[in-house]
Amino acid sequence: MKAAMLAASVVGAMVTTADSASARPELVAIAGDYSPGMIVVRTGERKLYLVLDGSHAMRYTVGVGKAGRQWAGTTKIDGKYRYPAWAPPADVKRDKPNIPDVIPGGSPQNPMGVAAMTLAGGEYAIHGTNVPNSVGGYVSYGCIRMLNTDITDLYERVSIGTTVVVTR
């Protein structure tokens, strides 16, 4: 009953469009051994799932690592930030040496968008973007990229310590 009420409230709050640049999460069925509250990223689908119960999830379209930059594993959210400043990791700086050492939060050039949730054990994050047409592709150095509206929605739904499972 509780899950049905949660699902009904989520469905009532959703707006769905065909345009990926303005996509909203969708309530979908999910199969697997996942716990409520867990985030599952399926890089091959370019989708992120927030598990609601044993058979339902909110599904978001995401951008994922480009060829040679994808990874898989289990981690946890270890930080949540609104309008974070961004310092490019060594790989990015090597490929783009003219990029500034730090891009302030809120700058249109900041690739983190309006919010970021860092992942334990590396330099990756689930974050927004100021380039909405990049969402849905193989575009990053390993981060999970979301529309700013979607990262804002997910940011409000999860907490530090949330388990994140990334599969290919």
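## Burial and overall composition

A residue is called buried when its relative accessible area is under 20%, exposed when this value is over 50%, and partly exposed in between. In this predicted model, 44% of the 168 residues of the chain count as buried. The chain exposes about 8300 Å², of which carbon and sulfur atoms supply 56%.

The secondary structure consists of three helices and 11 strands. Read from the N terminus, the elements follow the order α-β-β-β-β-β-β-α-β-β-β-β-α-β. Among contacts in the chain with a separation of 6 or more, 61% are between residues 24 or more positions apart.

## The sheet

Nine strands form an open sheet with mixed pairing, in the order 1-4-3-2-11-6-7-8-10. Its edge strands are strand 1 (26-29) and strand 10 (144-145), each of which pairs on one side only.

Strand 11 (residues 163-167) runs parallel to strand 2, and four bridges join the two. Within this pairing, Arg-42 has Thr-167 of strand 11 as its bridge partner. Strand 11 is also joined to strand 6 by four bridges, here in an antiparallel arrangement; Gly-73 stands opposite Val-166 of strand 11. Strand 6 in turn runs antiparallel to strand 7, with five bridges between them, and Arg-82 stands opposite Ala-115 of strand 7. In general, the strands of a sheet pair through backbone hydrogen bonds, either parallel or antiparallel.

Val-28 is a residue of the edge strand 1. Val-28 counts as buried because its relative accessible area is 13%, under the 20% limit. Not counting residues up to four places away in sequence, Val-28 touches Tyr-49, Ser-55, His-56, Ala-57 and Arg-59. The C-alpha atoms of Val-28 and Leu-52 are separated by 9.8 Å, the two residues being 24 residues apart along the chain.

## Nonpolar cores

The largest nonpolar core has 24 residues, of which Ile-39, Leu-48, Met-117, Ile-126, Met-146 and Leu-154 touch the most other members. At least two residues of this core come from each of strand 2, strand 3, strand 4 (56-61), strand 7 (115-119), helix 3 (148-157) and strand 11. Apart from this core lies another, of nine residues, which include Trp-86, Met-112, Ala-125 and Cys-143.

Which residues are in contact with Met-117, leaving aside its neighbours within four places in sequence? They are Ile-77, Gly-79, Lys-80, Ala-125, Ile-126, Ile-151, Leu-154, Tyr-155 and Val-158.

## A buried asparagine

Asn-110 is located in the loop between helix 2 and strand 7. With a relative accessible area of 1%, Asn-110 is buried. A polar atom of the Asn-110 side chain lies 3.2 Å from the backbone oxygen of Pro-104. Beyond residues up to four places away in sequence, Asn-110 touches Pro-84, Ala-85, Trp-86, Ile-103, Pro-104, Gly-105 and Asn-130. Trp-86 is thus named both among these residues and in the core of nine residues.

## The aromatic pair

The model has one aromatic pair. Trp-71 and Tyr-124 form this pair, with 5.1 Å centre to centre and 5° between the planes. The pair is classed as stacked because planes under 30 degrees apart count as such.

The two rings link distant parts of the chain, 53 residues apart: Trp-71 lies in the loop between strand 5 (64-65) and strand 6, and Tyr-124 in the loop between strand 7 and strand 8 (125-127). Trp-71 is buried, at a relative accessible area of 17%, whereas Tyr-124 counts as partly exposed at 29%.

## Loop residues with positive phi

Most residues other than glycine have a negative phi. Arg-46 has a positive phi, near 60°, and lies in the loop between strand 2 (39-42) and strand 3 (47-51). Arg-46 is partly exposed because its relative accessible area is 23%, a value between the limits of 20% and 50%.

Tyr-83 also has a positive phi, near 45°. Tyr-83 is placed in the loop between strand 6 (73-82) and helix 2 (90-95).

Notes
Residues numbered from 1 in each chain as written. Predicted model: local features only at pLDDT ≥ 70, side-chain atom pairs only at ≥ 80, totals over all residues. Heavy atoms only, no water. Buried < 20%, exposed > 50% of the residue type's maximum accessible area, 1.4 Å probe, protein only. Pairing = 2+ DSSP bridges. Core = buried A, V, L, I, M, F, W, Y, C linked by side-chain atoms within 4.5 Å. Contact = heavy atoms within 4.5 Å. Polar contact = N/O pair within 3.5 Å; in protein donor to acceptor, adjacent residues only side chain to side chain. Areas by Shrake-Rupley, 256 points an atom, 1.4 Å probe, with all protein chains shown as cover. Phe/Tyr/Trp six-rings, centres within 6.5 Å; stacked < 30°, edge-to-face > 60°.
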